[in-house]
Amino acid sequence: MEFSNSYELLMELREKNLLENCPKYWWPNAGTFEVVVGALLTQNTKWDNVERALNKWKIKNGKWKVEDIASCEFSFLAEFIRPAGFYNQKAKRLIALSRNILRDFGSFEVFIDNVSREWLLSQKGIGFETADSILCYACFRDIMVVDSYTKRLLKRNGYEFESYDEMREWCERGIEENWDKLAEYYKNDLNLCFARFHGKIVEYMKK
């Protein structure tokens, strides 16, 4: 592939039909608390392991709900998320995050509408990629998620960045500067574009 900006990269990836069988926003169950859980669980593990943990909970307890996790016993939650690895640490962080969401926002719906990137980054165990995944896929904010797949793809083509945010801003800039060419295709939803752009990168690099 050859590209000089993120718009050209997106055009290259669009031709490959990488998301044919994926959900609209690529991340499963976008807009739900399950995304928050998945974003934290996927740290230092493969997504297949995260799906096993997510499904293990849903089979026994139904949908992931912030109220349930906030009141959950640590050992009980840890056993369900064991497939995702680092389960003791992740269980503690999920419970703390859930309690903080309810303390500061009152409900997950209010959290979606009002949470800031700064608030997320102030939570233990949440870094840039996790925060942006929550903002993009749970809250539908106009923000691009960049990860190790993105970094490898760009580096392969001669683009290296000093920080996560510098790489994210590069990815966003090319899209925003060419939004008039993309708006109709993505139904004037910039977040949908960013979500699917990230998904295309991941699916391309996994092949």
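User: Hi! Which helices each supply at least two residues of the lining of the largest pocket?

Analyst: Happy to help! In this predicted model, those helices are α3 (47-61), α9 (128-138), α10 (148-156) and α13.

User: Thanks! And where does the largest share of that lining come from?

Analyst: From α13, which gives four residues to the lining of the largest pocket.

User: What volume does the largest pocket have, and which residues are closest to its centre?

Analyst: The volume is about 560 Å³. The lining counts 21 residues, and W26, T42, W47, Y149 and V202 are the closest to the centre. By class, the lining splits into eight nonpolar, seven polar and six charged residues.

User: Back to α13 for a second. At what angle do α1 and α13 pack?

Analyst: Helix α1 (residues 6-14) packs with helix α13 (residues 190-206) at about 65°, and their axes are 10 Å apart. The crossing of the two is left-handed.

User: Which residues make that contact?

Analyst: On α1, S6, L9, L10, L13 and R14 take part, and on α13 the partners are C193, F197, K200, I201 and Y204. Seven residues of this contact are nonpolar, one is polar and two are charged.

User: New topic: how much space lies in the second largest pocket, and what lines it?

Analyst: About 210 Å³ lies there. Its lining includes N29, T32, F33, K58, W64 and F108. Helices α2 (33-41), α4 (66-70) and α7 (108-114) each supply at least two of the lining residues.

User: How many of the residues lining the second largest pocket are charged?

Analyst: Six are charged, alongside four nonpolar and two polar ones.

Methods: Residues are numbered from 1 along each chain as its sequence is written. This is a predicted model: local features need pLDDT of at least 70, side-chain atom pairs count only at pLDDT 80 or more; totals for chains, interfaces and linings use all residues. Side-chain values use heavy atoms; hydrogens and water are left out. Axes are lines fitted to C-alpha atoms, for helices over the stretch in contact, and angles run from 0 to 180 degrees between N-to-C directions. A crossing is left-handed if the near helix is turned anticlockwise from the far one by less than a right angle, and right-handed if clockwise. Contact means heavy atoms within 4.5 Å. Ala, Val, Leu, Ile, Met, Phe, Trp, Tyr, Cys and Pro count as nonpolar, Asp, Glu, Lys and Arg as charged, and the others, Gly among them, as polar. On a 1 Å grid over the protein atoms alone, a cavity is a set of points where a 1.4 Å probe fits but cannot get out, and a pocket is an open set with protein on both sides within 12 Å along at least five of seven lines; lining residues have an atom within 4 Å of a point. Grid points are joined across faces, edges and corners, and a volume is the space filled by probe spheres set on the points.
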